[in-house]
Amino acid sequence: MADSYSMCKIIYHPGYCKYDLGPGHPFDPRRVEMVLDLLKEYGYLKEPIKPDIVQPNDLLSIHDQTYINVVEAASRGEKILNIEDYGLGTIDNPVSLGMAVGARYQAGGTLLGARLLIEKKAEKVLQLGGGFHHARRRMAEGFCIYNDVALAIKEMTNAGWHVAYLDMDVHHGDGVQEIFYDAENVMTISIHESGEYLFPGTGWLNELGKGMGRSLKLNLPLEPFTEGESYIEVLDGILPKALSWFKPDAIVVQAGADAHFSDPLADLLLTTQDFEKYFRRIIRLTDEYCRGKALFTLGGGYSLTAAPRIWTILYMVLLNIDIPAELPLSWKERWEKKIGKQLPDFLHDVYPAFDPVQRKEEISRNNRELVHRLLDAVIADWL
Amino acid sequence: MLIREVMKSDPVWISPSIKLSDAYKLMIEKSIRHIPVVDNEKLAGVVTDRDLRLATSTLSEHPFDPEAAVGEVMSHPVKTAHPNDPVELATQTMRELKIGCLPVIEDMKLVGIVTVTDLLDALLLLTGIHQPSGRLDIRLPNRPGELARLAALLAERKINIHSILSYPESDNKMRLVLRVGSIEIKSIAQALCNAGFQVIWPIHIACVK
C-alpha cells in the first residue's frame, strides 16, 4: 500500500491564480491558497509538480477555434462584438484581463495529470485546480471557460483508454456530459442537486447518452437538503455496479466541494466527514475496478470556511496522512484577517452541523428511488 | 402561441374510398394515428387508429371487412382549427371533446393537423429548460407594476431572464417561475426579498428590510 501512496502526485502552478473573475466573485483563487498554506502549516505540503501552460491550439480537441479566439482576445482586453453569444461578459463569466492565461494554466494542470497516469508516472493525481465542467465547445458557462476535465479525458481516450468520470460538484456536469454524450469509451456519472431547483437545470435521469454512448451517461439528481447518509447510499447503489461493468482504465473525479451544507450557492447538506468517507470509498473503488488510476481535480466550493478544509482532507486521504483534529491557530488567525470571516477551530465539522431536516426520511426515500429508476433504465444495456 | 406555430403542415391525407387495411398500413409506415379524409379537395372526416381497430374488431357486433372503405368508418363531421387560432383554444376543444387531433383548415383547404403530441411539444417549449439557468420562484400580488418592479431589479443586476412561466393562485396572487442566466441565485433572491418580494425558491432566504 505504501507504494500506491508514494505514487500520488500533486499538481499546482501559481499561474492558476490568474483565473480571477474579480472581487466579490464566488470563484475565489484564495480557496486554493488557503489549502496550500494550511498543508504547509501542518508540515505536509509536498512540492507540487508545475504544469506547462496549454497553448490555445491544444484546446482544439475540445473547443471551437472561434470560441478560443474570442476568449483569448477578450482576455487581452480587446473589445468583442456580441460577446454574450459566447457566454462571456455575463454576470457569472465576466471578462477579466488574463483570465484565458489562468484558464490555460489550469487546463495544463489537469492535462498533465492525465499524462502522468498514461505514462505510469503516477497512480493517483491530485490537481489542485481545474474542474471546469460547465464549459461548452463554444460557450463559457457557470464560471467555466476552458473545459480542462474534458481535455484530460480526451488525452486518455486518445491513448486508447476507457475513462470513467465522476462529478461530485453540486451542479450537474453538463459540459463534460455534452462533449462525450455519444462517446462509447467515456462513462460520465454526475451526482448533483436536481435541475428542478439548481443551475444549470439539466442532469435528469433520462439523459442517458446517445448512439454508442447510450447508457454510459448517468445522472443522479438529488433533492435539495439531501444529507450525507443518503448521498452516500445513492452513490453506493450505482458506482460499484457501473464501474465493475464498464471496467475503465482510469477514473477522473471532479471533487467539487459545494455539496457542503455551508455552501452559499446550493442546498445539499454534506459534512466534511461525509466527504472524507466518500473520498476513501472512491479510492477503494479505483483500486478495485479502475486499475488503481485516479485523477482528482477541484471544482465548485464557494464557502471559504469549508472548501479549503474539504480539499485539505482530500489531499490527506490521497497521501494516507492521519487527519489532524485541530486547525493551526496561526493559519486560522492569518486567514480570518484576509477573508474577514471566522474560521472554525477544527479541520472537520463539529456535530451537529445543522438543524435537523424535517423531511429527511422522505428525501432519502425519493433519492433511493432514483437508484432503482436509473438501474432499470440502463441494466439491459449493461448485460 | 398560434396553431400555425405548432401544427404539422402538409399532412398525410387519404380519400374516403381507400381500404381500411391500406389506411392501417399507412399509419404504421408513417408512425401516425390520425389521418384526415379528403373528398374533392374538401375535408370529409378523420380516421384514427382507434376507429380502425374498433371497426374491425371481432368483438364488435358487425365487424367491418378490412376491404371496406375508410369513408364508412371515419369520424365526421370533424371539429377543425384555423392557423390563427390560439393554441389554448385548440387545447380546450380537444380536451372537452376528448379527441386527439384537429385538422387545420384555411380557405376551405386542409393545410395542417395539430395533435396532442404537438401540444405536448408546445408545453415543453413553454416550461422546459433551453439554456443553462437557475430557477427563481416568486409569488406576486396580482396588481399593476409588480412584474415591472421585479424585472427592473434583475436588469439592474445584469441578470438575463431566459424564461418566465406564470400561473394564477388563490387570493389574487400570481406564481412566477423565472429561469435566469446565473448560477448564483441566492444573492439575487436575497435582493428580491429585501425589496419586498415573496421568494418561494430558493427557500430560507433571510430578508433584511
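Here is a short conversation about how some descriptions of this predicted model are reached.

User: Why is Ile35(B) called buried?

Analyst: Let's set the count against the cut-off. A residue is buried if 20 or more other C-beta atoms lie within 10 Å of its own. Ile35(B) has 28 other C-beta atoms within 10 Å, so it is buried. You will find Ile35(B) in strand β2 of chain B, which covers residues 34-39.

User: What makes Val47(B) a residue that Ile35(B) touches?

Analyst: Contact here requires C-beta atoms, placed from the backbone, within 7 Å. Val47(B) is listed among the residues that Ile35(B) touches, so this pair meets that cut-off. Others in the list include Trp13(B), Leu26(B) and Met27(B). Residues up to four places away in sequence are not counted.

User: Why is chain A called as compact as a globular protein of its length?

Analyst: Chain A has eleven helices and seven strands. Its radius of gyration is 19 Å, and the globule rule gives 21 Å for 383 residues; the two values are close, so chain A is as compact as a globular protein of that length. Along the principal axes, the C-alpha atoms of chain A fill a box of roughly 50 × 50 × 45 Å. Of the 383 residues of chain A, 55% count as buried.

User: What makes β1 and β4 of chain B edge strands?

Analyst: Start with the strand order. The open sheet of three strands runs β1-β5-β4 in chain B, with antiparallel pairing. β1 (8-9) and β4 (101-106) each have a single partner strand, so one side of each is left without a neighbour in the sheet.

User: How do you know that β4(B) and β5 of chain B pair?

Analyst: Two strands pair if DSSP finds at least two bridges between them. β4(B) and β5 (residues 109-115) have six bridges, so they satisfy that condition, and their pairing is antiparallel. As one example of bridge partners, Ile105(B) is matched with Leu110(B) in β5(B).

User: Which parts of chain B supply at least two residues each to the side that touches chain A?

Analyst: In total, 18 residues of chain B are in contact with 20 residues of chain A. β6 (134-141) and α7 (185-194) of chain B each supply at least two residues of that side. By class, the side has seven nonpolar, five polar and six charged residues.

User: How far apart are the C-alpha centres of domain 1 and domain 2 of chain B?

Analyst: The domain assignment gives domain 1 as 3-124 and domain 2 as 131-201. Their C-alpha centres lie 42 Å apart.

Methods:
Residues are numbered from 1 along each chain as its sequence is written. Chains are lettered from A and ligands numbered from 1 in the order in which they are written. This is a predicted model: local features need pLDDT of at least 70, side-chain atom pairs count only at pLDDT 80 or more; totals for chains, interfaces and linings use all residues. Helices (H or I, at least four residues) and strands (E, at least two) are DSSP runs, numbered from the N terminus. A residue is buried if 20 or more other C-beta atoms lie within 10 Å of its own, exposed if 12 or fewer, and partly exposed in between; C-beta atoms are placed from the backbone. Two residues are in contact if their C-beta atoms, placed from the backbone, lie within 7 Å. Ala, Val, Leu, Ile, Met, Phe, Trp, Tyr, Cys and Pro count as nonpolar, Asp, Glu, Lys and Arg as charged, and the others, Gly among them, as polar. Domain bounds come from an automatic or database domain assignment. The radius of gyration is taken over C-alpha atoms; the globule rule is 2.2 Å times the number of residues to the power 0.38.
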